[in-house]
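Q: Please take a close look at one part of this model with me, and walk me through it as you would at the bench.

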Amino acid sequence: MKFAIALYSAAHAPSSRRALRFAEAALAGGHEIVRLFFYQDGVHSASSNIVTPQDEQDLAQQWSTFVSNNQLDGVVCIAAALRRGVLNNDEAARYQRPAVNLQAPWELSGLGQLHDAIQSADRLICFGGP
Amino acid sequence: MSTLHVLSHSPFSDTRLDSCLRILGRGDALLLCGDAVYALQQQSSTLEDKTVFALEEDLQARNIECPQWAVAIDYPAFVDLSIQYDKVNSWL
């Protein structure tokens with residue numbers, strides 16, 4: 001079964017953790033994740049500038065490791081990311097901003113990538129809110 | 001076409017659950033996670049004749065016992081449910 005997973009909440013929201021646990025369980029069950037799409041506040045989950053207290057789970061790091069280790073397509077919505085200050089090298093240079101906080105394995109792209117993922121997946125599962 | 005409705009907001013903070021129940025189809029089911037599991041504590045019997053699942057970890061975190069008419073599930077079962085139902089609708 002092919003899954004497309006969309007995340008609408010930041011890394012500190014319980015729903016971000018729920019999405020990650022679901023994604024892990026999907027792969028463990030032998031299923032495929034065609035794309036992870038991080039939209040709205042979900043773009044914060046891809047920021048490399050998040051500092052999590054030592055006694056808490058570092059969800060942003062766990063997401064990054066999960067995407068890298070499984071060589072998944074982790075797409076961050078470019079419009080949502082720019083308005084929240086989540087920039088990769090190209091965008092920081094384009095808008096002359098002093099910091100870059102989006103690196104591999106993440107990729108900035110448009111909403112069309114979500115549409116495309118929905119077309120090629122059997123199921124779209126969205127996570128967001130609390 | 002059957003739908004699995006996923007809720008994570010507390011039933012005491014907004015009207016998502018009420019709206020969801022209003023459109024719930026015959027073959028549809030509810031999956032309660034996060035604070036939505038508090039809906040299992042309500043005295044009313046609005047959920048008892050529905051197909052209701054709840055994430056076990058969220059029940060444990062809130063010390064809520066799963067009633068007989070609901071089913072506590074883990075993440076692999078969540079994945080299975082998302083396949084069993086034709087669509088998954090998250091009430092974001």
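How much space lies in the largest pocket, and what surrounds it?

A: Happy to! This is a predicted model, in which local features need pLDDT of at least 70 and side-chain atom pairs count only at pLDDT 80 or more, while totals for chains, interfaces and linings use all residues. Residues are numbered from 1 along each chain as its sequence is written, chains are lettered from A and ligands numbered from 1 in written order, and side-chain values use heavy atoms, without hydrogens or water.

The largest pocket holds about 410 Å³ of space. Its lining has 21 residues, and those closest to the centre are A:Ala11, A:His12, A:Ala13, A:Gln57 and A:Leu59. Two or more lining residues come from each of α1 (14-28) and α2 (59-69) of chain A, and from α2 (56-61) of chain B. By class, eleven lining residues are nonpolar, four are polar and six are charged.

Let's follow α1(A), one of those contributors. Its 15 residues should span 21 Å at 1.5 Å a residue (1.5 Å times one less than the number of residues); the end C-alpha atoms are 21 Å apart, which agrees. Many names appear on its buried list (under 20% relative accessible area, 1.4 Å probe, protein chains only): A:Ser15, A:Ser16, A:Arg18, A:Ala19, A:Leu20, A:Arg21, A:Phe22, A:Ala23, A:Ala25 and A:Ala26. Just after α1(A), A:Gly30 takes a positive phi of about 85°.

Notes. 1 Å grid on protein atoms, 1.4 Å probe; cavity = no way out; pocket = protein on both sides within 12 Å on 5 of 7 lines; lining within 4 Å. Points joined across faces, edges and corners; volume = space filled by probe spheres on them. Helix = DSSP H or I, 4+ residues; strand = E, 2+ residues; numbered from the N terminus. Nonpolar A, V, L, I, M, F, W, Y, C, P; charged D, E, K, R; others polar. Buried < 20%, exposed > 50% of the residue type's maximum accessible area, 1.4 Å probe, protein only.
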